[in-house]
Amino acid sequence: MNLRTSLTIITLALMPQFVVGQTALTGKTMADTCAGCHGTDGVPAVAYIPPLAGLSAEDFSAAMIAYQNGTRRATIMNRIAPAFSETEIAAMAAYFASLPKPEVASSLRTRPEN
Ligand code: HEC
């Protein structure tokens, strides 16, 4: 195998990562990774996880930043929030704020005060 063939193979092998790396993650794409706990489109299946759908962008961003800097106590979000930049938080905030708030009896939903 000559050098040119080797380089072509290496370039082709790296292309998928290159393309993914170039694509800016949208708010929805990042938000989809939260669905395991917060439910599809930010509506959780269980009452002990807060819904994200319909949360104002300000409240969403404030919560994420507080989880990042440790000013808001958490069991899980303090580990997840640091993965996101300010721009990424803003993109997710806009996405979740655009979704309708779930209509569930408030007695079934408690927003943690921690
Ligand atoms: C493993 C489960 C889990 C995953 C995954 C998860 N969360 Fe959470 N989230 C929680 C829990 C539990 C809380 C309550 C605070 C705590 O104890 O961490 C919470 C609280 C929040 C809150 C505060 C909501 C409010 O009304 O005050 C925000 C905002 C939030 N999560 C955003 C996200 C985002 C964005 C993602 C995805 C990038 C995500 N979460 C992924 C479990 C999860």
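**Notes on the predicted model: helices, core and ligand shell**

1. Starting with the ligand side: methionine 77 sits in helix H5. This is a predicted model, so keep that in mind throughout. Methionine 77 has 20 C-beta neighbours inside 10 Å, and because 20 is the cut-off, the residue counts as buried. Looking back along the chain, its C-alpha lies 9.7 Å from that of alanine 66, with the two positions 11 residues apart in sequence numbering. Methionine 77 is also one of the residues closest to the ligand.

2. What else lines the ligand? The shell has 21 residues, and along with Met77 the closest are Cys34, Cys37, Ala74 and Thr75. Three helices each put at least two residues into that shell: H3 (35-38), H4 (57-69) and H5 (77-80). By residue class, the shell splits into 16 nonpolar, 4 polar and 1 charged. If you are setting up the ligand, that is the make-up of its surroundings.

3. Isoleucine 80 is another H5 residue. Is isoleucine 80 buried or partly exposed? There are 15 other C-beta atoms within 10 Å of its own, so isoleucine 80 comes out as partly exposed. Its C-alpha is separated by 9.0 Å from that of methionine 64, a residue 16 places away along the chain.

4. Now the overall layout. The chain has 6 helices and 0 strands, so the pattern read along the sequence is simply α-α-α-α-α-α. Of the 114 residues, 17% are buried. Taking contacts between residues at least 6 apart in sequence, 64% join residues at least 24 apart.

5. H4 deserves a closer look. Its 13 residues should span 18 Å at 1.5 Å a residue, and the end C-alpha atoms are indeed 18 Å apart, so the length agrees with expectation. The buried residues in H4 are Phe60, Ala63, Met64 and Tyr67. Why do they belong to the same side of H4? They cover an arc of only 95° around the axis, which puts them on one side of the helix. The background is familiar: an α-helix has 3.6 residues a turn, so residues three or four places apart point the same way.

6. What does that buried side face, and what is on the other one? The buried residues of H4 pack against H5 and H6. The face turned away from them carries Glu58 and Asn69, both exposed. Just after H4 comes glycine 70, with a positive phi near 80°.

7. The largest nonpolar core has 15 residues, and Phe60, Met92, Ala93 and Phe96 have the most contacts inside it. H4 and H6 (86-97) are the elements that give two or more residues to this core, and H6 contributes the largest share, 6 residues. In soluble globular proteins, nonpolar side chains tend to be buried together. For a look at one of those well-connected residues, try alanine 93: leaving out residues up to four places away in sequence, alanine 93 touches Ala57, Phe60 and Ser61.

8. H6 itself has 12 residues and reaches 16 Å from first C-alpha to last, close to the 16 Å expected at 1.5 Å a residue. Its buried residues are Ile89, Met92, Ala93, Tyr95, Phe96 and Ala97. Among the elements covering them are H2 (27-32) and H4.

9. One backbone angle to check by eye: aspartate 41 has a positive phi of about 55° although it is not a glycine. For context, most residues other than glycine have a negative phi. Aspartate 41 is located in the loop between H3 and H4. With 17 other C-beta atoms within 10 Å, aspartate 41 is partly exposed.

10. Last, the segment after H6, where proline 102 is found. Which residue 61 places away in sequence has its C-alpha 9.9 Å from that of proline 102? That is aspartate 41, the residue from the previous point. Proline 102 touches Val43, Pro51 and Ala53, again not counting residues up to four places away in sequence. Proline 102 has 15 other C-beta atoms within 10 Å, so it is partly exposed.

Technical notes: Residues numbered from 1 in each chain as written. Predicted model: local features only at pLDDT ≥ 70, side-chain atom pairs only at ≥ 80, totals over all residues. Near = placed C-beta within 6 Å. Helix = DSSP H or I, 4+ residues; strand = E, 2+ residues; numbered from the N terminus. Nonpolar A, V, L, I, M, F, W, Y, C, P; charged D, E, K, R; others polar. Core = buried A, V, L, I, M, F, W, Y, C linked by C-beta atoms within 7 Å. Buried ≥ 20, exposed ≤ 12 C-beta atoms within 10 Å, placed from the backbone. Contact = placed C-beta atoms within 7 Å. Expected span 1.5 Å × (residues − 1). Arc of directions from axis to C-beta.
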